[in-house]
2 protein chains.
Amino acid sequence: MPSRSQAIEYYHANQNNALEALKQLVAIPSVSTDPAHKTDIHNAAKWLAQRLTNIGMEHVTVYETAGHPIVYGDWLKASGAPTLLIYGHYDVQPPEPLELWKSDPFTAEQRGDCLYARGASDMKGQVMASITAVEAALKQGSLPVNVKFVIEGEEEVGSPHLAAFLDQNDQLLKCDVCLNPDAGMVAENVPTIVYALRGLAYFELKVIGPERDVHSGLFGGVVPNPANILCELIAGMHDSQGHITLPGFYDRVQALDKAERQALAKLPITDEDYLRQTGAKGLVGEAGYTAIERVGARPTLDVNGMISGFTGKGSKTIIPSWAMAKISMRLVPFQKPAEVHQQLVRYCEEHAPKSITWEVNLLSSGPACIADRNHPAAQALARALETTWNVAPVYKREGGSVPIVADMQRILNAPSVLTGFGLPDDAIHGPNERLHLPTWYRGIEALIHFLYNYAEKP
Amino acid sequence: MPSRSQAIEYYHANQNNALEALKQLVAIPSVSTDPAHKTDIHNAAKWLAQRLTNIGMEHVTVYETAGHPIVYGDWLKASGAPTLLIYGHYDVQPPEPLELWKSDPFTAEQRGDCLYARGASDMKGQVMASITAVEAALKQGSLPVNVKFVIEGEEEVGSPHLAAFLDQNDQLLKCDVCLNPDAGMVAENVPTIVYALRGLAYFELKVIGPERDVHSGLFGGVVPNPANILCELIAGMHDSQGHITLPGFYDRVQALDKAERQALAKLPITDEDYLRQTGAKGLVGEAGYTAIERVGARPTLDVNGMISGFTGKGSKTIIPSWAMAKISMRLVPFQKPAEVHQQLVRYCEEHAPKSITWEVNLLSSGPACIADRNHPAAQALARALETTWNVAPVYKREGGSVPIVADMQRILNAPSVLTGFGLPDDAIHGPNERLHLPTWYRGIEALIHFLYNYAEKP
């Protein structure tokens, strides 16, 4: 009997054990944003280190950082086999508003098919799925691939110390690929692989007109109005087809090939889903692309906020002195944030009238990430998901940005394959967060298959 | 010896009397916006009623209103002569910040050629100039024209009860023309007649996209961004020549005739003045018009304020749920605010995408006002100013809006001629408000001439 079957058998026999462990982990209120939970954060890290030790991982260490600690453990005896780094985070969002929870957020309660607790889905459940899969294989004496766990405690506050940790430990963390199970499934029974994330370039654009607010009667018609001019600049950033007009903006953007467009078209996400999720009256976007392509595979430019002049109740007849907009672009491979910055500056140089002054400040940025869908790990994961669900996974480009994935690529030179077993209605970050247990159990089984698949030559 | 010369002689002999009276009036801290000064407001009204009685005005009455009282007095024995209504206000702006005053704001202090006190220029000085001119004529036994004084106490808070007073007393206040000495001179030794004021139509335009702020990564590219769309709507309200594009916006706007353009061109106001007064880097505006024409004789559209989404420090990656702008138009004769409201609604109907909802709310409005520069009162005033200053007055269209003037036109069917003897550097509304006494003395003399001129058939 091959190890794979034995591992799956072992897991099935000990499923309840995994669930009990998850219940213990979610009981630790490791809220990363709240200093009052500092002890809980450390307790969660210690609990995970103990768990990794118990299942047979080696070199288990709780690394202190300038922020919350990072838990590391590896098993590197699969000589000749590839090395997999499994990423996870043990911190969670605050549970507030508490009055909306039907059960205590830090006491797991099973109701129907779901386990309710803060972090059950995002992502203590996913961390425990990974550990349980590795445990099942290790119980057979060895792992089919080399495995390194990196489990941080600051994902919900933007992972401010992870990149430094990767930098300082780049030899320790050397790997062929990262598995990041912090993505979710697009629907129940639709196993999902996320292979691309958009990047980000986030700016503040300020336009300055008169040196102070001036009377719109006495000066209206001659003095440049920075709010009107800011609107004109922003309006000009898209053409009538929804394309972005910054000079050179699309130069590095790759066209989608036919196969990828066909794959994206198979995703069970409809325009109605976007409308329902946002309450918008209609969809918009770049001509020539489907909604899914626009969100995942095309760059976008959005105003995130703007302010100028008088915004209180009633009327105040001024020409404001200045106007400011937060403007961000979601980037796709292989756009470079620094170049986009220059493109925005160039656009302003070309279009801003001489009667005003303006300034562009870059607030944050990160490049887009893409993994080859034919990467051996991606293929191994796809086969594992198909074996478990009896249906081929869908491939998704995520519209958001995950700086961790970019960091892994940049510092460790390792692509990330993203998956996960959370569902869209898990209410992550909200009250009554839950984990759909039948899906979670399948996920663990799929991860066991993945470990063995990845060791095989395809 | 004709009455005119005797009146002027009387005035010269009693000039000090006028100054002492002004000092008494400015000593009453009649700050209309502050309830703590309610008694002072009433004292100022009583003081004026007494003064009008003392100089020989009749039917002197302090009319109570829902707000601060209005002082009335008339002299109507110039049978066959026209009736002049002289408008004034006895309330003043708050004096704060007190620490910036070099002398007590309510103790008039003469330094050099100027009298320093709150209200010295705006407009207790102008009220006293009018009363002193009428006094000088009355001392000769009769006035050459019929005169009615209406002196309110709420101009600095928007004259909320004046229109109702005019409405309720339209027979009492019947007149041929209003003299409003609340305008100023464009420069020393440049007597000024303001014959037109712009109107106003002030709106709030709100654009609503998703039902709440949504993630700009997950939804950027498909969900309508209300901030971007608001910018597009606002940008589209002007064409590349600076013309306003609301449908029908210029239909009622009168072209400027050559004579008027020549007269406006003579105003000693340069582009550099606008730049210096506002600190703007350059001027803008509608093609084909000078700065003075743009400010006074052409309608404008300005954003007075706008807000949307995240405007704090740093970056928040959202597509905002809504965006709002305060947008106001300065109107010229014979645009109608209600029609402009419809034009803005129509513009939004034609240009707003179907993916969002929008709403337009009218916050305040008033029509533009224009007086015929050939009106007998305007001509009489022009001759009076020229006699006094030995230079013809300049004719100015004011860019701002004075609702009182529109009310006089609408309710009393009387045009207003605006003048005044304040100077641009009088610091009205600011600390160390002052009145340039040599100019004020000349102003009184000019008003005496005006009374006699207006009685003459030109």
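Hi everyone, let's start where the two chains meet: 69 residues of chain B are in contact with 68 residues of chain A. Before going further, please keep in mind that this is a predicted model.

Which element gives chain B the largest share of its side of that contact? It is strand S11, residues 300-309 of chain B, with nine residues. If you sort the chain B side by class, you get 29 nonpolar, 28 polar and twelve charged residues.

Strand S11 of chain B also pairs with a strand from the other chain. Its partner is strand S11 of chain A, residues 300-309, and the two run antiparallel, joined by five bridges. To find one of these on your screen, look for Ser308(A), whose bridge partner in S11(B) is Met306(B).

Now let's stay with chain A and look at how it is divided. The domain assignment gives domain 1 as 3-197 + 368-455, and domain 2 as 199-253 + 299-366. Taken over C-alpha atoms, the centres of domain 1 and domain 2 of chain A are 40 Å apart. How many residues of each domain take part in the contact between them? Six residues of domain 1 of chain A touch eight residues of domain 2 of chain A. On the domain 1 side, four of the residues are nonpolar, two are polar and none is charged.

Next, some helices. A quick reminder for anyone new to this: two packed helices are described by the angle between their axes and the distance between the axes. Our guide here is helix H4 of chain A, residues 124-138, and we will look at three of its partners.

The first partner on my list is helix H14 of chain A, residues 437-455. H4(A) and H14(A) pack at an angle of about 45°, with 8 Å between their axes. That angle makes H4(A) oblique to H14(A), and the crossing is right-handed. From H4(A), the contact residues are Gly125(A), Ala129(A), Ser130(A), Thr132(A), Ala133(A), Ala136(A) and Ala137(A). Facing them from H14(A) are Trp440(A), Gly443(A), Ile444(A), Leu447(A), Ile448(A) and Leu451(A). By class, this contact holds nine nonpolar and four polar residues, and no charged ones.

The next partner is helix H2 of chain A, residues 15-26, whose axis comes within 10 Å of that of H4(A) and crosses it at roughly 140°. H2(A) and H4(A) are therefore oblique to each other, and their crossing is right-handed. On the H2(A) side you will find Ala18(A), Ala21(A), Leu22(A), Leu25(A) and Val26(A). They meet Lys124(A), Gly125(A), Met128(A) and Thr132(A) of H4(A). This contact divides into six nonpolar residues, two polar and one charged.

You may have noticed two residues coming up again: Gly125(A) and Thr132(A) belong to the contact with H14(A), and they also belong to the contact with H2(A).

The last partner on the list is helix H3 of chain A, residues 38-55. Is H3(A) roughly parallel or oblique to H4(A)? The axes come within 9 Å and cross at roughly 20°. Angles under 35 degrees count as roughly parallel, and H3(A) and H4(A) are therefore roughly parallel to each other. H3(A) brings Arg51(A), Leu52(A) and Ile55(A), while H4(A) brings Ile131(A), Val134(A), Glu135(A) and Leu138(A). Here the classes are five nonpolar, no polar and two charged residues.

Let's finish with a sheet. In chain A, three strands form an open sheet in the order S4-S5-S18, with antiparallel pairing. The edges are S4 (109-111) and S18 (434-436) of chain A, each pairing on one side only. Neighbouring strands are turned by 25° against each other on average, direction ignored. S4(A) and S5(A), residues 114-116, pair over three bridges, and Glu109(A) has Tyr116(A) as its bridge partner in S5(A). Helix H14(A) returns here: it packs on the sheet, touching S5 and S18 of chain A, and its direction makes about 65° with that of S18(A).

Chain B has an open sheet of three strands too, in the order S4-S5-S18 with antiparallel pairing. Three bridges join S5(B), residues 114-116, to S18(B), and Leu115(B) stands opposite Leu435(B) in S18(B). Helix H14 of chain B, residues 437-455, packs on this sheet and touches S5 and S18 of chain B.

That's my tour, so thanks for listening!

Conventions
Residues numbered from 1 in each chain as written. Chains lettered and ligands numbered in written order. Predicted model: local features only at pLDDT ≥ 70, side-chain atom pairs only at ≥ 80, totals over all residues. Axes fitted to C-alpha atoms, helices over the stretch in contact; angles between N-to-C directions. Helix = DSSP H or I, 4+ residues; strand = E, 2+ residues; numbered from the N terminus. Parallel < 35°, antiparallel > 145°, perpendicular 65-115°, else oblique. Left-handed = near helix turned anticlockwise from the far one by under 90°. Contact = placed C-beta atoms within 7 Å. Nonpolar A, V, L, I, M, F, W, Y, C, P; charged D, E, K, R; others polar. Pairing = 2+ DSSP bridges. Domains from an automatic or database assignment.
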